Amino acid sequence: MVDKWSIKPSLAEKMVDILQFVADKEEISTENIVDHFGFTATTAKRYLRQLTEFGYLEAHGGNKNRTYSKRG
């Protein structure tokens, strides 16, 4: 059985890429990820939500104007 913390290596690589992209920024938005990586908005939102659930990012604001920043 695979638990909720198990992710595929290819997904993990993309998440690391996003974390490296966020590293030197105050805040990012879904649109920043879409523009930089070429993901669809749905895919970008999924990655950002997972990084938030894992505790790497912190979400700010409502759905329309949500931004993310590094946690801690």
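User: How many residues apart are Glu 53 and Arg 49 in helix α3?
Analyst: This is a predicted model, where local features need pLDDT of at least 70, side-chain atom pairs count only at pLDDT 80 or more, and totals for chains, interfaces and linings use all residues. Residues are numbered from 1 along each chain as its sequence is written, and side-chain values use heavy atoms, without hydrogens and water. Helix α3 (a DSSP run of H or I, at least four residues, numbered from the N terminus) covers residues 41–53. About one helical turn separates Glu 53 and Arg 49, because they are apart by four residues.

User: What is the distance between the closest N and O atoms of Glu 53 and Arg 49?
Analyst: The pair forms a salt bridge, that is, a side-chain nitrogen of Lys or Arg within 4 Å of a carboxyl oxygen of Asp or Glu. The closest N and O atoms of Glu 53 and Arg 49 are apart by 3.9 Å.

User: Is Glu 53 buried or exposed?
Analyst: Buried means under 20% relative accessible area, exposed over 50%, partly exposed in between (1.4 Å probe, protein chains only). Arg 49, at 45%, is partly exposed. Glu 53 has 54% relative accessibility, so Glu 53 counts as exposed.

User: Which residue forms a salt bridge with Asp 24?
Analyst: The structure holds two salt bridges. In the one formed by Asp 24, the closest N and O atoms are 3.1 Å apart. Asp 24 is exposed at 64%, and its partner is partly exposed at 28%. That partner is Lys 25.

Technical notes. Helices (H or I, at least four residues) and strands (E, at least two) are DSSP runs, numbered from the N terminus.
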